[in-house]
Amino acid sequence: MGSSSSSYAPKTVYLNVDGKVQKVVFSRHCSPCDIKELLCSSSNVPRNTAIMVVDQEGALVSIDPTMPTNSPDSLYKVVPLSTGQLGEKEDMFQNVLSQVAEQFSRAFRINELKTEVTNRLAMLEKRVELEGLKVVEIEKCKNDLKKLRDEMASRGGGRVNCPCKYNFDDGKKVTPRRDVPNYPKYTLSQETVEALKKPTFDVWHWEHNEMLSCLEYMYHDLGLVKEFNMNPITLKRWLLGIQENYRNNPFHNFRHCFCVSQMMYGMIHLCNLQEKLTLTDMGILMTAAVCHDLDHPGYNNTYQINARTELAVRYNDISPLENHHCAVAFQILSLPECNIFANVDPEAFKQIRQAIITLILATDMARHGEILESFKQKVDNFDFTNEEHVTCLKMVLIKCCDISNEVRPTEVAEPWVDCLLEEYFMQSDREKSEGLPVAPFMDRDKVTKPTAQIGFIKFVLIPMFETVMKIEEIMVQPLRDSRDHYEELKQIDDAMTEKKQTENMSLGGKKK
């Protein structure tokens, strides 16, 4: 205890203040500020005066608890500092700091680094600003394009809206859905299975997922999945890709695709073609039917050629739409996840591809007379072992299916006429706005439903189906019934027109 207290004994220093000896006692616990205050009070120096303590030789003594003790014989001298002296010391201190800063600057090239960093920051800020402007411009362009498309779609648009959906020149491919197909599986009842084989099948009561399930069933039922060793998941993906690449036109849409494919499936059964054709032939017929109008833009070949669209230029005015349907079909098949013929021998696939192209190109109505005449020359001595005969039959079959709506019951067929006329009127309106020739059967000011159908049924459908149905009569009678139906409608229209004209003449006479 005693030794411990001795370590805290006060400390004494002797000062010389203006020639007088002053004794100052302070504890070791004092801070430098406390010691300075003691020194000022004991030496009669005003408070807040800057002082310094020097020994007899003039050396500066630190004012802190470690300050050495002295004796009356070796006094410390207290020297008050004037404002000038303080200023000089501050200047000297600032000068030293400046020199040190300059040395650091030279050593580490601070100014150069600062300039470089500043320049880089400025460049980055400029780049960020430019990138931001680019994003804004891109978004603006996207919005402008969307508005333009919407505007053109709403009014029939200019020619830029008609070219094909896919540009094959830039290497881009069709991108149908790549996920695992998940359309709800529609369980076909026995009643539906039987109805699918007949022309009376009502195509209007089915959702897209149900139509996809029906198409899938057809491929399984005909033995095509087994014949071509198709992966069932690939078949699903392919069908989804097909659906996705039909546009939402009034007539040429996915429901029309299903309509044609279902009629082909029905004709295979009605004409008992399973016993007369190979499985490869039936696969070609069904696949061509499914793909025959892919990415149809809603404007026919006549418009494409007269308007000199991209499709017409690409295919030299030769069946531009049909060539495009083929191209899109094989773009989809070129995707591994959608290639239903992936397990077919390359040489066999080459022949299948050529056969599908031949059938899709045959759907161009400009070739109708040529194809039908060729078939008429063969039908009386038709030979199923003759490859040329079979090819001609397949061409006529897909043509029949493509324009077979009037074979169906009136309540199923007539809505298709409305859809087709709507698409025709859209085209004729556009042709008028662009100063292009307008076909009378497409002009909303000249055509009526009866006049549109009577001629088509009498001079196109009945002759073709009568030629094909020398094998089977069941599909011709509905066409005759449909012709009679529209002739009755025409008589009613003519009577109404005549009555209206009589009334107008009567009113005119009264006015006189």
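Val-53 sits opposite Val-61, a residue of strand β4. That facing pair belongs to a predicted model, so keep in mind as you look around that it is a prediction. The partner strands here are β3, which covers residues 51-54, and β4; they run antiparallel to each other and are joined by two bridges.

Now zoom out to the whole sheet. It's an open one built from five strands, and if you walk across it you meet β2, β1, β5, β3 and β4 in that order, with mixed pairing. β2 (20-26) and β4 (60-61) are the edge strands: each has a single partner, so one side of each has no neighbour in the sheet.

Next, the helices. Here are two of them side by side:

| Helix | Residues |
|---|---|
| α4 | 110-155 |
| α16 | 387-402 |

Take α16. From its first C-alpha to its last, this 16-residue helix reaches 23 Å, close to the 22 Å expected at 1.5 Å a residue. Is α16 mostly covered or mostly open? Mostly covered: 13 of its 16 residues are buried. At the N-terminal end, Asn-386 acts as a cap, with a side-chain oxygen 2.9 Å from the backbone nitrogen of Glu-388.

Over to α4, where you'll find Leu-124. Which residues join Leu-124 in a nonpolar surface patch? They are Val-117 and Leu-121, and the patch made by the three has an area of about 270 Å². Leu-124 has a relative accessibility of 49%, so it counts as partly exposed; exposed would take over 50%. A handy rule for reading helices: there are 3.6 residues a turn in an α-helix, so residues three or four places apart point the same way.

Technical notes: Residues are numbered from 1 along each chain as its sequence is written. This is a predicted model: local features need pLDDT of at least 70, side-chain atom pairs count only at pLDDT 80 or more; totals for chains, interfaces and linings use all residues. Side-chain values use heavy atoms; hydrogens and water are left out. Two strands pair if DSSP finds at least two bridges between them. Helices (H or I, at least four residues) and strands (E, at least two) are DSSP runs, numbered from the N terminus. The expected span of a helix is 1.5 Å times one less than its number of residues. Buried means under 20% relative accessible area, exposed over 50%, partly exposed in between (1.4 Å probe, protein chains only). A polar contact is a pair of N or O atoms within 3.5 Å; within protein, one must be able to donate a hydrogen and the other to accept it, and residues adjacent in sequence count only if both atoms are side-chain atoms. Patches are made of residues with over 30% relative accessible area and no salt bridge: like charges are joined within 9 Å, nonpolar side chains (Val, Leu, Ile, Met, Phe, Trp, Tyr) within 5 Å. Accessible areas come from the Shrake-Rupley method with a 1.4 Å probe; for residues, only the protein chains shown count as cover. A salt bridge is a side-chain nitrogen of Lys or Arg within 4 Å of a carboxyl oxygen of Asp or Glu.
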